[in-house]
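Here's a quick briefing to read with the structure open beside you. It goes topic by topic, so feel free to jump around.

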Amino acid sequence: MPTLVLLRHGQSRWNLENRFTGWVDVDLTAEGEAQAIKGGELIKAEGVQFDRVFTSVLTRAIRTSWLALGAAGQAFVPEIKDWRLNERHYGGLTGLNKAETAAKHGDDQVKVWRRSYDVPPPPLSHDSEFDFAGDRRYAGAVLPNTESLKTTLDRVQPYWEGEIAPRLTAGETLLIAAHGNSLRAIVKLLFQLDDAAIMDVEIPTGNPLLIQLSDRLAPVAARYLDETRAQPLPPVA
């Protein structure tokens with residue numbers, strides 16, 4: 001039975017500062033490091049043995065995978081990094097404090113940008129300090145300047161179908177250490193959620209989500225390993 005663990009990175013510095021982070025490469029806080037280590041300890045206690053780990057190209061996800069695998073006694077597991085597992089691009093909201101943004105634009109407008117499925121924030125300006133066009137991690141890629149959850153899924157899905165799903169089908173046990181919205185995109189695909197249902201799905205930081213899959217990669221069982229920090233999950237078949 002194919003096994004997949006989804007692990008959202010631990011608390012980041014901008015999570016703590018309540019800022020829209022997106023693709024900005026901020027590091028973990030001490031609390032985030034502790035969350036990643038605890039996640040690895042829970043994985044070890046569960047007895048899950050990984051064949052491979054996938055992660056984004058952002059430090060907070062990469063270090064979460066390293067810390068978790070180290071705590072699980074599996075630091076040797078091969079790792080594949082790809083920008084298509086990055087967090088959602090928050091466009092012109094990038095770097096802004098969420099409370100200050102709500103005060104400026106109104107709670108209702110910010111809620112639409114944050115929580116709607118297919119309405120992206122305003123695009124990032126080309127003269128922004130957060131323009132990623134010159135970053136060598138994205139050389140040759142056509143980059144977005146803003147994303148909704150829908151357009152995040154649009155870039156995650158081909159990577160899932162082309163690189164990750166075939167390894168699960170072949171029997172590999174995988175860890176994906178990534179971000180709230182790229183992982184929600186995968187959850188939407190796996191659980192075949194409609195556009196409204198995915199908006200109610202939250203993924204807590206540093207808490208491994210263990211998913212057992214059928215041969216057709218349909219979830220047959222799913223649970224968070226830290227039950228004290230679990231969020232509601234979609235029903236399985």
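Let's start with how helix 6 and helix 7 sit against each other in this predicted model. Their axes come within 9 Å and cross at roughly 70°. An angle of 65 to 115 degrees counts as roughly perpendicular, so helix 6 and helix 7 are roughly perpendicular to each other.

**Helix 6 against helix 7**

- The crossing of helix 6 and helix 7 is a right-handed one.
- On the helix 6 side, the contact is made by Leu 149, Thr 152, Leu 153, Val 156, Gln 157 and Trp 160.
- Helix 7 brings Asn 181, Ser 182, Arg 184, Ala 185, Ile 186, Lys 188, Leu 189 and Leu 190 to that contact.
- Sorted by class, the contact of helix 6 with helix 7 comes out at eight nonpolar, four polar and two charged residues.

**Helix 2 against helix 3**

- Here the axes of helix 2 (residues 30–46) and helix 3 (residues 59–71) come within 7 Å, and they cross at roughly 40°.
- That angle makes helix 2 oblique to helix 3, because angles under 35 degrees count as roughly parallel and 65 to 115 as roughly perpendicular.
- Helix 2 and helix 3 also cross in a right-handed sense.
- From helix 2, the residues in the contact are Glu 33, Ala 36, Ile 37, Gly 40, Glu 41 and Lys 44.
- Helix 3 answers with Arg 63, Thr 64, Leu 67, Ala 68 and Ala 71.
- The class count for helix 2 with helix 3 is five nonpolar, two polar and four charged residues.

**Aromatic pairs**

- If you're scanning for ring pairs, the structure holds seven of them.
- One of these is Trp 23 with Phe 132, a tilted pair at 5.9 Å centre to centre with 45° between the planes.
- The two partners come from distant parts of the chain, 109 residues apart.
- Trp 23 is in the loop between helix 1 and helix 2, while Phe 132 is in the loop between helix 5 (107–115) and helix 6 (149–169).
- Both Trp 23 and Phe 132 are buried.
- Ring pairs also tie Trp 23, Trp 83, Phe 132 and Tyr 138 together as a cluster.

**Positive phi outside glycine**

- Which phi value does Asn 18 have? Its phi is near 60°, positive in a residue other than glycine.
- Asn 18 belongs to the loop between helix 1 (13–16) and helix 2.
- The relative accessibility of Asn 18 is 32%, so this residue counts as partly exposed.
- Gln 192 has a positive phi too, near 50°, and again this is a residue other than glycine.
- You'll find Gln 192 in the loop between helix 7 (180–191) and strand 5 (209–213).
- Buried or exposed? Gln 192 is exposed, with a relative accessible area of 72%.

**Around Thr 173**

- Thr 173 is part of strand 4 (residues 173–178).
- With a relative accessible area of 13%, Thr 173 is buried, since buried means under 20%.
- Leaving aside neighbours within four places in sequence, Thr 173 is in contact with Thr 3, Val 48, Gln 49, Phe 50, Asp 51 and Arg 52.
- Measuring stick for your viewer: from Thr 173 to Pro 235 the C-alpha to C-alpha separation is 22 Å in space, and the two are 62 residues apart in sequence.

Definitions and conventions. Residues numbered from 1 in each chain as written. Predicted model: local features only at pLDDT ≥ 70, side-chain atom pairs only at ≥ 80, totals over all residues. Heavy atoms only, no water. Axes fitted to C-alpha atoms, helices over the stretch in contact; angles between N-to-C directions. Helix = DSSP H or I, 4+ residues; strand = E, 2+ residues; numbered from the N terminus. Parallel < 35°, antiparallel > 145°, perpendicular 65-115°, else oblique. Left-handed = near helix turned anticlockwise from the far one by under 90°. Contact = heavy atoms within 4.5 Å. Nonpolar A, V, L, I, M, F, W, Y, C, P; charged D, E, K, R; others polar. Buried < 20%, exposed > 50% of the residue type's maximum accessible area, 1.4 Å probe, protein only. Phe/Tyr/Trp six-rings, centres within 6.5 Å; stacked < 30°, edge-to-face > 60°.
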